[in-house]
Amino acid sequence: MRAQLTFDARGETEYGTLRSVTSVYFQRDSFENSAGYSDINQDWELEHAIIQLGGLTVAYTDSLFETLTDSAGSVINDDIGVNYTPGKTHLIAYTFDGGNGFSATIGVEEGEGENYTIDSYVPHVVAGASFTQGWGKIAGVVAYDSNWGEVAAKLRVDFNVNEALSLWVMAGYQDYDFDRAWNLGTATTLAKPSYYGVWGGDWAVWGGGKYQFNQKASLDVQLAYDDHENFGAAVG
């Protein structure tokens, strides 16, 4: 059982829209443990805590490396097989909106986890830009992990075929020296080469589409593949 509560408040100021968002969920799981007895886990998690003023954002939320390329499709379980997001982090970011479909964002992030949370005053850095028109959208993002000195990038293109059908494709690349990491001993201890290098190997591709039958029903399809031959498919 899960219950989720979200607050979203907005007001206009002389510096632009002031917005605050808080989202938290409470979850209770019941299962049979290894001894054959019924057991219960109860947990809660803060999913989002965001303050925005104009183009400035200060938050605990999904990494910019995910949001600047619109995640990966609209299938609910869209991370099966090949991951595309490092998860949640504390961040500070500024977004410039050109008003003509162009926007650009630069931000600093803390990271998350024992190996990927910043261990000095040098933050992880993420920058991205997008251009949206009636035909669709093109968006790109580049991220630098200050702990490990590694860079990862993604580029996504969306295309609106017609009012019902939309298609998209996204590619990711990281220049990670696996031989060097193995010699340093980090390849055996790190689950991934950097906070942003979440797929297997140097590259990964994702793609899919959505067909909107009417206002209440749609079909979503997603496929994914990476350099380590991981494959994922999801339909919703």
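**Figure 1. Aspartate 62 and its salt bridge to lysine 88.** Aspartate 62 is buried, with a relative accessible area of 18%. In this predicted model, its side chain meets that of lysine 88 in a salt bridge, with N and O 2.7 Å apart. Aspartate 62 belongs to strand S4 (residues 56-62) and lysine 88 to strand S5, so the salt bridge ties together parts that are 26 residues apart in sequence. Lysine 88 has a relative accessibility of 13% and therefore also counts as buried, the limit being under 20%.

**Figure 2. The salt bridge between aspartate 70 and lysine 137.** The closest N and O atoms of aspartate 70 and lysine 137 are 2.9 Å apart. Because aspartate 70 lies in the loop between H1 and S5 while lysine 137 is in strand S8, the pair ties together parts that are 67 residues apart in sequence. Aspartate 70 is partly exposed, at a relative accessible area of 35%. Lysine 137, at 18% relative accessibility, counts as buried.

**Figure 3. A salt-bridge network of Asp8, Arg10 and Arg19.** Asp8, Arg10 and Arg19 are joined into one network by salt bridges that share partners. One of these salt bridges links the side chains of arginine 10 and aspartate 8, at 3.2 Å from N to O. Arginine 10 is exposed, with a relative accessible area of 58%, whereas aspartate 8 is partly exposed at 38%. A search of the whole structure finds five salt bridges.

**Figure 4. Lysine 154, a buried charged residue without a salt bridge.** Lysine 154 sits in strand S9 (residues 150-160). This lysine is buried, and glutamate 66, the nearest side chain of opposite charge, is 7.2 Å away. A salt bridge needs a nitrogen within 4 Å of a carboxyl oxygen, so this distance does not qualify. The side chain of lysine 154 does have a polar contact of 3.5 Å with the side chain of threonine 69. Leaving out residues up to four places away in sequence, the residues that lysine 154 touches include Phe65, Glu66, Thr69, Tyr84, Met170, Trp199 and Trp206.

**Figure 5. The largest nonpolar core.** This core has 25 residues, and those with the most contacts inside it are Phe65, Val126, Tyr196, Trp199 and Trp206. Two or more residues come from each of helix H1 (64-67), strand S5 (88-97), strand S8 (136-145), strand S10 (165-174) and strand S11 (203-212). In soluble globular proteins, nonpolar side chains tend to be buried together.

**Figure 6. The surroundings of phenylalanine 65.** Phenylalanine 65 is among the residues with the most contacts inside the largest nonpolar core. Not counting residues up to four places away in sequence, its contacts include Val126, Tyr196 and Trp199. Glu109 and Lys154 are also among the residues that phenylalanine 65 touches.

**Figure 7. Aspartate 145 and two backbone nitrogens.** Aspartate 145 lies in strand S8. With a relative accessibility of 0%, aspartate 145 counts as buried. Its side chain reaches the backbone nitrogen of asparagine 147 at 2.8 Å and the backbone nitrogen of tyrosine 195 at 2.7 Å. When residues up to four places away in sequence are left out, aspartate 145 touches Tyr116, His124, Glu150, Ser194, Tyr195 and Tyr196.

Note on methods. Residues numbered from 1 in each chain as written. Predicted model: local features only at pLDDT ≥ 70, side-chain atom pairs only at ≥ 80, totals over all residues. Heavy atoms only, no water. Helix = DSSP H or I, 4+ residues; strand = E, 2+ residues; numbered from the N terminus. Buried < 20%, exposed > 50% of the residue type's maximum accessible area, 1.4 Å probe, protein only. Lys, Arg positive; Asp, Glu negative; His and termini not counted. Polar contact = N/O pair within 3.5 Å; in protein donor to acceptor, adjacent residues only side chain to side chain. Contact = heavy atoms within 4.5 Å. Core = buried A, V, L, I, M, F, W, Y, C linked by side-chain atoms within 4.5 Å.
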